[in-house]
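Biologist: Could you take a close look at the aromatic rings for me? I'd like to hear how they pair up and what surrounds them.

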Amino acid sequence: MHPTLLTAASAAPLPKSAATTIAERLFATRRHSLALAAPLTSEDMVVQAMEDASPTKWHLAHVTWFFENFILKQHLDGYQPFDENFNYCFNSYYEALGPRHPRPRRGLLTRPSAERIFAYRAHVDEALEMLLASEQGQSEDLARLIEIGINHEQQHQELLLTDILALFAASPLKPAYQASPSNVDASQPEPLRWFEFEGGIHRIGHASNDYCWDNERPQHDALVHPFQLADRLVTNAEWLEFIADGGYVTASLWLADGWTTVNREDWQAPLYWEKSDAGWFQMSLHGLLPVVPAEPVAHVSYFEADAFARWAGKRLPTEFEWEMAALQASARHDQPANHFRPQRAKDADHQTPRQLFGDVWQWTSSAYLPYPGYRPPTGAIGEYNGKFMISQQVLRGASCVTPAGHSRPTYRNFFYPHQRWQFVGLRLASEAH
């Protein structure tokens with residue numbers, strides 16, 4: 001396990017399989033959210049560390065609001081909302097569902113209390129159980145909505161941990177969310193290796209009938225030129241070399257907006273890194289720990305990832321290149337891509353790139369845009385992805401706080417170029433020789 005990151009395995013949601021019903025997966029997911037919040041105090045749950053983050057209490061309520069508004073109000077006869085005021089408090093960005101509390105001020109919602117939010121969750125879970133036990137709860141359309149709700153809550157489980165780290169990093173006490181691991185890998189990273197990939201016309205996008213987000217479709221052809229992809233992620237040791245070589249003070253390495261951001265925000269290292277007489281430390285969910293050389297660098301923006309790649313004489317992969325590599329790796333391992341876990345080089349299959357899933361999300365050079373022929377779903381659900389397809393970059397893979405079963409080669413995450421509070425890193429690419 002990455003010593004400065006966390007794999008949230010306790011009470012983990014059940015992966016989708018023929019042996020598990022959608023109801024089992026739904027309530028396992030719901031329990032997992034509560035398990036993630038269990039180490040926190042009530043005070044921890046109410047504070048908002050920054051505008052990009054949300055309080056834990058808000059996450060727990062918002063995912064519950066999603067089930068109440070998109071499923072129970074529409075499909076359970078006689079359902080009584082827990083509190084009509086919650087629609088204003090816990091709507092996120094759904095214009096079709098009315099006004100909402102401003103996102104930057106979610107930390108001011110001291111009321112309702114955390115105890116009332118837990119009661120809200122229990123109320124909604126009881127109603128979901130009634131719905132799924134009824135005849136009207138057996139329809140395919142309802143199953144599709146519940147699947148969206150499960151995946152939506154899993155996304156917020158990842159955000160919940162990300163936002164807890166942002167909160168604890170802002171505390172002078174540097175508290176730990178979870179106990180520090182006993183074994184810390186002090187080794188240096190193994191030499192970078194490169195894999196060659198042939199160019200040509202490749203099918204991109206989600207093909208099967210398994211669940212995916214609307215932004216992963218429709219499948220389409222993409223021209224990909226021959227390229228090379230690094231066998232592993234960029235490490236902390238390599239990032240320390242970048243810093244020592246003046247990476248943060250060399251204007252020629254940076255895009256214009258990145259250079260402006262570096263100077264305005266006084267960036268000198270990845271987010272959560274601190275330098276002392278004893279060396280570099282990194283704030284993590286295990287508290288403040290020494291930077292581990294061989295571990296993947298995390299909490300870097302697209303601007304930083306792009307500058308590092310330029311410093312290294314390489315570039316970031318496109319999202320199509322990344323997907324090609326992930327699909328080939330998944331096929332060679334003959335298992336679903338979301339079962340990949342971080343591997344040390346000595347244990348890895350050197351026929352395919354490593355660390356595709358389970359360490360950090362990986363920046364690509366691709367702008368977040370619709371695929372050819374994309375149409376957002378009708379209704380409020382259609383606001384989930386489509387309206388954000390502007391000014392953001394695509395990330396691929398999954399991080400150490402991504403819930404089990406929530407990653408696949410076609411998954412398209414997206415953030416603004418300056419954002420780095422998520423568990424994000426990078427992999428290098430280059431043109432084929």
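Modeller: Sure, ground rules to start with: rings of Phe, Tyr and Trp (its six-membered ring) pair if their centres lie within 6.5 Å, with planes under 30 degrees apart called stacked, over 60 edge-to-face and the rest tilted. This is a predicted model, where local features need pLDDT of at least 70 and side-chain atom pairs count only at pLDDT 80 or more, while totals for chains, interfaces and linings use all residues. Residues are numbered from 1 along each chain as its sequence is written, and side-chain values use heavy atoms, leaving out hydrogens and water.

On that basis the structure holds 30 aromatic pairs. Take Phe82 and Tyr120: the ring centres are 5.4 Å apart and the planes sit at 35 degrees, so this pair is tilted. Phe82 is in the loop between helix H3 (56-75) and helix H4 (86-90), whereas Tyr120 belongs to helix H5 (residues 114-133), so the pair ties together parts 38 residues apart in sequence. Helices here are DSSP runs (H or I, at least four residues), numbered from the N terminus.

As for burial (buried is under 20% relative accessible area, exposed over 50%, partly exposed in between, with a 1.4 Å probe and protein chains only), Phe82 is partly exposed at 22% and Tyr120 is buried at 0%. Then there's Phe86 with Phe90, an edge-to-face pair at 5.2 Å centre to centre and 85 degrees between the planes. Both lie in helix H4, four residues apart, about one turn of the helix. Phe86 is buried at 3%, and Phe90 is buried at 1%.

Key. Helix = DSSP H or I, 4+ residues; strand = E, 2+ residues; numbered from the N terminus.
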